[in-house]
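Dear colleague,

Please find the structure below, with the sequence alongside. My notes on it follow.

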Amino acid sequence: MLNKIMKRGQRKPKPDTDGYGYPVSGNRNSESVSTSNVVANQSLRSGSASSANNLVSGGAVDALPMFRDVPGSERQNLFVRKCQVCCVQFDFSDTLKMVREKEVKRLSLVELVDYVQSGSGKISESNQEEMVRMISVNIFRCLPPSCYEHTGSENVEADEEEPYLDPSWSHLQLVYELLLRYVVSLDTDAKVAKRFINHSFVLKLLDMFDSEDQREREYLKTILHRIYGKFMVHRPFIRKAINNIFYRFIYETQRHNGIGELLEILGSIINGFALPMKEEHKLFLVRALIPLHKPKSVAMYHQQLSYCIAQFVEKDNKLADTVITGLLKCWPITNCQKETLFLGELEEVLEATQATEFQRCMVPLFRQIARCLNSPHFQTAERALFLWNNEHIVSLIAQNRNVILPLVFEALENNIQSHWNQAVHGLTVNVRKMFQEMDAKLFEECQKQYAEKRAHASEADKQRELTWQKLADAANRTH
């Protein structure tokens, strides 16, 4: 017994392994040794006689045979071995390091993509699991620090930044393409695949939307949309997970690179909502989409957000009042660029708004529009005046002119008398003329009320000046 224990103590220690059973080298510079260890381990696990092709002297990874060069009975084993080779990670910060091994991995990925896309052979469940594991190893990683972390500034203009390009994209793109082909393949059974494309996988996929590489986010957008379409069991979970990303962005960080892409996916999802709309979806509109107007960076994703909002109103006209009231609550006070964006979105919403919903919110709405008409920023004032170019909005205004004209009349008159921009002045004259032709009697009443208000204001100014003069005289007498 003592001899056995002593023999055990003499055994060489087992090398450290990662979460997938692959040896990990303690020295970052010993990549070739690490790679050969991985392939050796893979060769033992595959149990195939041809797996010796993976090993070459010097620690390099040798190319595996192509699928077309092996009998059909061996292709499943070859598929596993290619997946295992593709699990090897490389350092792309040095383009001259391990060039041959990187190319071997790239060619293996190309072959896997072609194999899945061609549908030349049904992939077994165990091989599907191996493939998804390999995909996870490659794409689920720590993202590099964002630009504001490098510069220490949060207010870097998007136009001034150079787009970030991931140096490992030559491999990453093929891995994403493989995942996309697997998800969309008619041979992929959702009942089987949902064991590998599970909630944990979807959450990690959503985490990658914060990547600064636009190319990666485009792939993620397409893949997640396809997953949502194919795996019906995951739909509520995906919607909830996206909700949580929005909540964190709005109320905590206000930093995320993939809000626009997530909103694009939601635009298609909202378009497919059945009527009558579920309460869950209405809550999502109120609690997530409308508050997304608050962050300073709304211009980065406003186009997609505006589309989602318009989809809700087109689906259910009764939501127009909720949307307009929510927009007014989020209305910017000092940011003219955001005001101009909001006015554009407001026009889209009003186009889908019916008379009943319009009447519920028209008073606070046109008070805000009147403030925009008098904005010293000419683009904001101009965009507000453009609302009168929309026939549907003009018809809503005409039906409720008795309420609306008194709200905007003073703003129109002030523009004509004192706005510095000639284009705004001309548009204001046109809108004023439109109201005059719409209802001459009402226009005259508003004109009379405006003149009286100006007279009262002038009288109040005179009284104020007299009061100050009396105070000044009294002060002089005391001295």
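**Cysteines**

Cys 372 is buried, its relative accessible area being 0%. This is a predicted model, and all that follows should be read as a description of that prediction. Cys 372 takes part in no disulfide: the nearest cysteine sulfur belongs to Cys 336 and lies 9.1 Å away. A pair of cysteine sulfur atoms has to be within 2.5 Å to be called a disulfide, so the distance of 9.1 Å from Cys 372 to the sulfur of Cys 336 rules that pair out. The search was run over the whole structure, and the number of disulfides found is 0. Another cysteine to look at is Cys 330, which has a relative accessibility of 11% and therefore counts as buried, the limit for that class being under 20%.

**Backbone**

Three places in the backbone are listed here for your inspection.

- The peptide bond that joins Leu 275 to Pro 276 is cis, and its omega is near 0°. Pro 276 sits in a loop, with helix H12 (259-271) on one side and helix H13 (279-289) on the other.
- Met 98 is not a glycine, yet its phi is positive, at about 50°. The residue belongs to the loop that runs between helix H3 (75-85) and helix H4 (99-118). With a relative accessibility of 13%, Met 98 is classed as buried.
- Gln 254, also a residue other than glycine, has a positive phi near 55°. Its loop lies between helix H11 (235-253) and H12. The relative accessibility of Gln 254 is 33%, which makes the residue partly exposed.

**Internal space**

How many cavities of 30 Å³ or more does the model hold? The count is 1. As for size, the volume of the largest cavity is about 100 Å³.

Which residues line the largest cavity? From one stretch of the sequence come Tyr 115, Val 116, Gly 119, Gly 121, Lys 122, Ile 123 and Gln 128. The lining is completed by Tyr 182, Ser 185, Asp 187 and Thr 188. By residue type, the lining of the largest cavity has 4 nonpolar, 5 polar and 2 charged members. Lys 122 and Asp 187 are the charged ones. Gly 119 and Gly 121 are counted with the polar group, while Tyr 115 and Tyr 182 go with the nonpolar group.

If you open the model, the loop with the cis bond from Leu 275 to Pro 276 and the lining of the largest cavity are both easy to select by residue number.

Regards

Notes:
Residues are numbered from 1 along each chain as its sequence is written. This is a predicted model: local features need pLDDT of at least 70, side-chain atom pairs count only at pLDDT 80 or more; totals for chains, interfaces and linings use all residues. Side-chain values use heavy atoms; hydrogens and water are left out. On a 1 Å grid over the protein atoms alone, a cavity is a set of points where a 1.4 Å probe fits but cannot get out, and a pocket is an open set with protein on both sides within 12 Å along at least five of seven lines; lining residues have an atom within 4 Å of a point. Grid points are joined across faces, edges and corners, and a volume is the space filled by probe spheres set on the points. Buried means under 20% relative accessible area, exposed over 50%, partly exposed in between (1.4 Å probe, protein chains only). Helices (H or I, at least four residues) and strands (E, at least two) are DSSP runs, numbered from the N terminus.
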